[in-house]
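Okay, thanks everyone for coming. I've got one structure to walk you through today, so let's put it up on the screen.

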Amino acid sequence: MSQPYSQPYSPYRSAPQQRRRQSLFSGIKLRLLLAAGIAVFTLVSYAMKRQANPITGEAQQVDMSVNEEIMLGLQSAPQMGQPSRNFAASQRVDRVGHELVAALERQLGAQGIEQPYRFEFHLLDNTGQNRDSVNAFALPGGQVFITEALYRRLPTDIDGPLAGVLGHEIGHVLERHSAERMTSGSLMQGLARAAGVAGGTRGSQQAAGMVAGLVHKSYGRKQELESDGWGVKIMVYAGYHPEALLTVMDVLEAASPGSSGPEFMSTHPRPANRSDYIRQIIGEYFTDGDLIGLRD
Ligand SMILES: [Zn+2]
């Protein structure tokens, strides 16, 4: 394509050469400007998503309402797998789960806090996508799941360990961890896009994506420990000895090699380390006297 030269003639450099240099330079400048724009927009819109958690009162970066979380959870629940055909076991999961929620609501009610979520507890068949998956997880808004493979490894003569698993998952819902993750996911995507534009190569975009992944892992760990804290508290509110959660950690430790799941295995810190943490939080929240007479 030939165009009439708009640049003044330079005796040292041919006009096409000079133009090439200039357009290269302005191309880089434009890219940096664009990247800075995307980064600023991403950070500002992330900062504007600050909300107070309805239960803990803590400020969080969440860009959906509680009702949207509930809707999202209800919509996604059928995709989590087939319900178990073991009716008695499903009923037991439902009973222990609602017992925990009732105890939690009594406790929060005494503090003048109303919990807004709609909890439902599901035992999942271990076929299809959940084949051999030793796992439990929660969707935003209160849909809680445990797979038969994890359920079968827990003691059946006492309810405490099952209560520990479900209490931990209730904790993820109360702390709005999924919603927080989705919000930080869009922050990371925005920043990764900005980095990709500035670097101008696919490689730097991939590198930025990996950084986003790493940040997610560390969020995961903090969130897991927060949920263990809730697990301990809710168990005690419902009259279970919180050390039953340590039994769950032993079960997970034994099941760890070779198995993987989206929640309990991949994102959870090593069960042995968590046991120490759980002992520590039991000591922080409760005295020995508080724990006398609790059931296993
Ligand atoms: Zn968890």
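I'll start with the overall layout, then go to the core, a helix pair and two loop residues.

One thing up front: this is a predicted model. The chain has 296 residues, and 34% of them count as buried. You'll find 9 helices and 5 strands in there. Reading from the N terminus, the order goes α-β-β-α-α-β-β-β-α-α-α-α-α-α. If you take contacts between residues at least 6 apart in sequence, 73% of those join residues at least 24 apart.

Now, the core. Which residues touch the most other members of the largest nonpolar core? Out of 46 residues in that core, the answer is Leu100, Ala163, Leu166, Ile170 and Met235. Let me pick out Met235. Leaving aside residues up to four places away in sequence, Met235 touches Ala163, Gly164 and Gly167, and also Tyr240, Pro242, Ala244 and Leu245.

Next, the helix pair. In general, you describe two packed helices by the angle between their axes and the distance between the axes. Here I mean helix 3, residues 87-110, and helix 5, residues 160-174. Their axes come within 9 Å and cross at roughly 55°, so helix 3 and helix 5 are oblique to each other. The crossing of helix 3 past helix 5 is right-handed.

So who's actually meeting whom? Helix 3 brings Val96, Gly97, Leu100, Val101 and Leu104, and helix 5 brings Leu162, Ala163, Leu166, Gly167 and Ile170. Sort the residues of that contact by type and you get 8 nonpolar, 2 polar and no charged. You'll recognise some names: Leu100, Ala163, Leu166 and Ile170 were on the core list a minute ago.

Okay, on to the loops. Just after helix 5, look at Arg176, in the loop between helix 5 and helix 6, which spans 177-199. Most residues other than glycine have a negative phi. Arg176 isn't a glycine, yet its phi is positive, about 55°. Is Arg176 buried or exposed? Arg176 counts as buried, because it has 27 C-beta neighbours inside 10 Å, and the cut-off for buried is 20 or more.

The other loop residue is Gln129, between strand 3 (120-124) and strand 4 (136-138). Gln129 has 12 C-beta neighbours inside 10 Å, so it counts as exposed. How far is Gln129 from Gln82 in space? C-alpha to C-alpha, Gln129 and Gln82 are 9.0 Å apart, with their positions 47 residues apart in sequence numbering.

That's my tour, happy to take questions.

Terms used
Residues are numbered from 1 along each chain as its sequence is written. This is a predicted model: local features need pLDDT of at least 70, side-chain atom pairs count only at pLDDT 80 or more; totals for chains, interfaces and linings use all residues. A nonpolar core is a set of buried Ala, Val, Leu, Ile, Met, Phe, Trp, Tyr and Cys residues joined through C-beta atoms within 7 Å. Two residues are in contact if their C-beta atoms, placed from the backbone, lie within 7 Å. Axes are lines fitted to C-alpha atoms, for helices over the stretch in contact, and angles run from 0 to 180 degrees between N-to-C directions. Helices (H or I, at least four residues) and strands (E, at least two) are DSSP runs, numbered from the N terminus. Angles under 35 degrees count as roughly parallel, over 145 as roughly antiparallel, 65 to 115 as roughly perpendicular and the rest as oblique. A crossing is left-handed if the near helix is turned anticlockwise from the far one by less than a right angle, and right-handed if clockwise. Ala, Val, Leu, Ile, Met, Phe, Trp, Tyr, Cys and Pro count as nonpolar, Asp, Glu, Lys and Arg as charged, and the others, Gly among them, as polar.
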